[in-house]
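This report describes the confidence, the domain arrangement and the chain interface of the model shown below.

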Number of protein chains: 2
Amino acid sequence: MTSEPSLLYCYTMPSKFIIGIDLGGTNLKIALLDLRYQIKDKEVLNTQKFIKKENLICAIIDSINKIIENNKLSRANILGVGLGLPGPIDYEKGIVHFFPNIPGWREVKLKTILERKLRLPVFVDNDAKLMSLAEYKLGAAKGSRNTVCITLGTGVGGGIIINGSLYRGVSNASGEIGHMPINEKGPRCNCGGRACLETYIGNNRILKEAKRLFRRDITLEELSYLAGKQNRQAQTIWLRVAGRLAVALVGVVNLLNPDCIVIGGGVAGAGKILFDNIRKIIARQAMSVQAGHVKVFKAKLGNNAGLIGAAILVRENAKVSV
Amino acid sequence: MTSEPSLLYCYTMPSKFIIGIDLGGTNLKIALLDLRYQIKDKEVLNTQKFIKKENLICAIIDSINKIIENNKLSRANILGVGLGLPGPIDYEKGIVHFFPNIPGWREVKLKTILERKLRLPVFVDNDAKLMSLAEYKLGAAKGSRNTVCITLGTGVGGGIIINGSLYRGVSNASGEIGHMPINEKGPRCNCGGRACLETYIGNNRILKEAKRLFRRDITLEELSYLAGKQNRQAQTIWLRVAGRLAVALVGVVNLLNPDCIVIGGGVAGAGKILFDNIRKIIARQAMSVQAGHVKVFKAKLGNNAGLIGAAILVRENAKVSV
């Protein structure tokens with residue numbers, strides 16, 4: 001008969017969770033994730049309800065407290081809070097430089113403000129960078145080495161993974177593929193530039209072109225549906241978007257020689273017509289060595305990519321061992 | 001009285017040198033460098049004398065043997081041979097994929113061929129990458145972290161340093177800034193692309209535009225001299241070059257958020273009018289955070305950058321300890 005080992009210590013670590021937040025110009029998403037990045041609870045608020053900066057910060061704090069309470073957790077269960085934010089961020093100091101599409105934010109020490117109010121570790125970064133991190137770790141770019149991720153929405157953002165790590169640039173402002181000019185002359189962009197990719201393929205520009213062609217308001221979803229049904233006008237719109245996006249992508253492929261490009265965001269919902277044509281143009285117009293080594297994928301994590309990326313940011317930076 | 005320590009071993013290591021080679025469409029340069037990258041001897045041959053691949057390889061071998069002999073050295077003094085080559089290279093396997101401007105080279109195992117004939121370690125890489133490495137280690141980009149180097153000649157090449165290391169991409173083909181499109185529509189490029197930067201600001205295109213404007217043949221040097229003397233037509237040419245180069249650079253700055261851009265090659269000889277305008281356009285049109293962190297410098301190492309880069313390649317890869 002073998003004796004059971006004597007139980008000297010019986011100490012149960014509290015289960016750990018992460019709070020991920022994805023702030024967009026339209027929605028503020030808050031989620032509770034476990035350490036395997038599974039979403040356990042989620043709330044979506046309308047960002048535009050909060051006109052003043054102070055109100056938005058209060059809403060973030062209230063939702064965090066609510067999600068902890070609703071799930072019968074305490075602060076000891078929370079490894080940290082990660083926020084993906086729609087603008088340039090000093091992620092080391094936790095400062096929001098500004099938000100192009102949310103007024104009133106200028107050099108806001110958001111990390112310090114939230115840590116003081118929440119008594120939890122807080123990490124902030126640019127939303128497109130976090131989406132890229134998520135797609136690289138868990139999504140369409142899993143297993144690649146040098147990846148460029150692009151998110152197509154009202155704004156066109158992006159993130160770059162180099163040799164397996166998020167590449168931040170010298171002031172954490174890399175990845176702005178939406179602000180690569182695709183013509184010598186062209187429309188003025190909000191960023192101060194000219195002929196930026198975003199001025200041609202941002203949501204608003206696509207919808208405006210579609211309205212002109214269809215002589216009525218039309219949604220992106222309908223445009224995608226109609227293109228699938230071989231509607232010529234809808235196809236024209238998507239071919240133009242693919243062509244313009246591919247101009248920037250050919251440049252990126254020749255410059256960075258990545259093995260993977262991931263495209264997500266609402267506009268990527270166009271699917272086959274968009275992706276087939278982007279792949280075709282890259283194969284034809286990028287340099288042969290680079291074109292032969294790159295794959296173009298649709299993002300896999302959908303609307304949750306930002307939340308998952310925010311959780312990865314916490315997991316990779318929080319000092320508490322788990 | 002203290003006794004002298006007994007001399008058990010007396011072994012003098014031979015002084016070590018590196019042979020650097022820079023192969024261009026016009027010149028084949030061969031140099032002997034010491035381990036501090038000082039050029040001790042140098043020979044320049046005309047590449048176009050060697051029509052056939054075999055003749056060019058023989059010329060390289062002959063010049064290496066000659067430079068060793070002329071300097072009264074033996075193979076034991078040579079750490080290795082580094083070659084900067086004008087095209088896409090598999091630097092790990094030492095294979096030349098092809099040269100856009102020298103016919104007859106397709107998947108040539110140059111490293112193996114030369115090592116067999118020379119009985120010396122040989123390392124090969126793309127010339128623009130090696131120039132970038134040289135400017136980063138010893139030239140204009142010394143002390144920077146994320147650098148983009150551009151070389152303006154018949155071709156427009158480049159190299160990227162990321163977090164202090166040469167970034168190669170997934171198949172060693174990164175850095176082709178000359179093949180970023182700067183318009184949706186534009187002239188066909190040798191690379192198969194359209195509206196590539198190189199088709200607008202490659203030497204030949206500049207000289208052709210200048211000839212049209214001046215109604216006679218004119219050299220780059222004269223164009224630069226005339227611009228310095230306030231000649232309107234020459235200034236027009238350089239302003240157009242600066243504007244077009246800046247379209248690609250604004251994209252690169254927004255995408256990569258580098259702290260340093262180095263511009264070299266013959267066209268960079270235009271100097272002030274070119275650099276002042278590039279800096280002005282980047283400050284005005286790149287995104288504020290990125291524009292605020294980037295400096296644009298003229299390359300420092302001139303015609304020797306390729307040779308020095310080739311020597312750095314050897315120094316960093318040769319296994320013999322020195």
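The pLDDT is the predictor's confidence in each residue, on a scale from 0 to 100. Chain A averages a pLDDT of 92, and 94% of the residues score at least 70. For the complex, the predictor gives an ipTM of 0.91 and a pTM of 0.91. Where pLDDT is low, the predicted coordinates should not be read in detail. The model is predicted: local features need pLDDT of at least 70 and side-chain atom pairs count only at pLDDT 80 or more, whereas totals for chains, interfaces and linings use all residues. Residues are numbered from 1 along each chain as its sequence is written, while chains are lettered from A and ligands numbered from 1 in the order in which they are written.

**Domains of chain A**

Domain bounds come from an automatic or database domain assignment. For chain A, this assignment gives domain 1 (17–129 + 305–317) and domain 2 (143–299). The C-alpha centres of domain 1 and domain 2 of chain A lie 27 Å apart. Eleven residues from domain 1 of chain A and 13 residues from domain 2 of chain A form the contact between them, where two residues are in contact if their C-beta atoms, placed from the backbone, lie within 7 Å. On the side of domain 1 of chain A that touches domain 2 of chain A, strand 5 (89–90) and helix 3 (127–138) of chain A are the elements that give two or more residues. Helix 3 of chain A supplies the largest share of that side, three residues. Helices (H or I, at least four residues) and strands (E, at least two) are DSSP runs, numbered from the N terminus.

**Interface between the chains**

Chain B and chain A contribute 42 residues each to their contact. The elements of chain B that give two or more residues to the side touching chain A are helix 7 (232–256) and helix 9 (288–291); helix 7 of chain B gives the most, with eight residues.

The table sets out the residue classes of two contact sides, with Ala, Val, Leu, Ile, Met, Phe, Trp, Tyr, Cys and Pro counted as nonpolar, Asp, Glu, Lys and Arg as charged, and the others, Gly among them, as polar.

| Contact side | Nonpolar | Polar | Charged |
|---|---|---|---|
| Domain 1 of chain A, touching domain 2 of chain A | six residues | two residues | three residues |
| Chain B, touching chain A | 19 residues | 17 residues | six residues |

**Symmetry**

Chain B is superposed on chain A by a rotation of 180° with 0.0 Å of shift along its axis (RMSD 0.0 Å), which is the relation of a two-fold axis. The superposition is by least squares on the C-alpha atoms of residues with pLDDT of at least 70 in both copies. In chain B, the C-alpha nearest the axis belongs to B:Asn183, 2.0 Å from it. The same surface serves both copies, as 100% of the contact residues of chain B recur in chain A.
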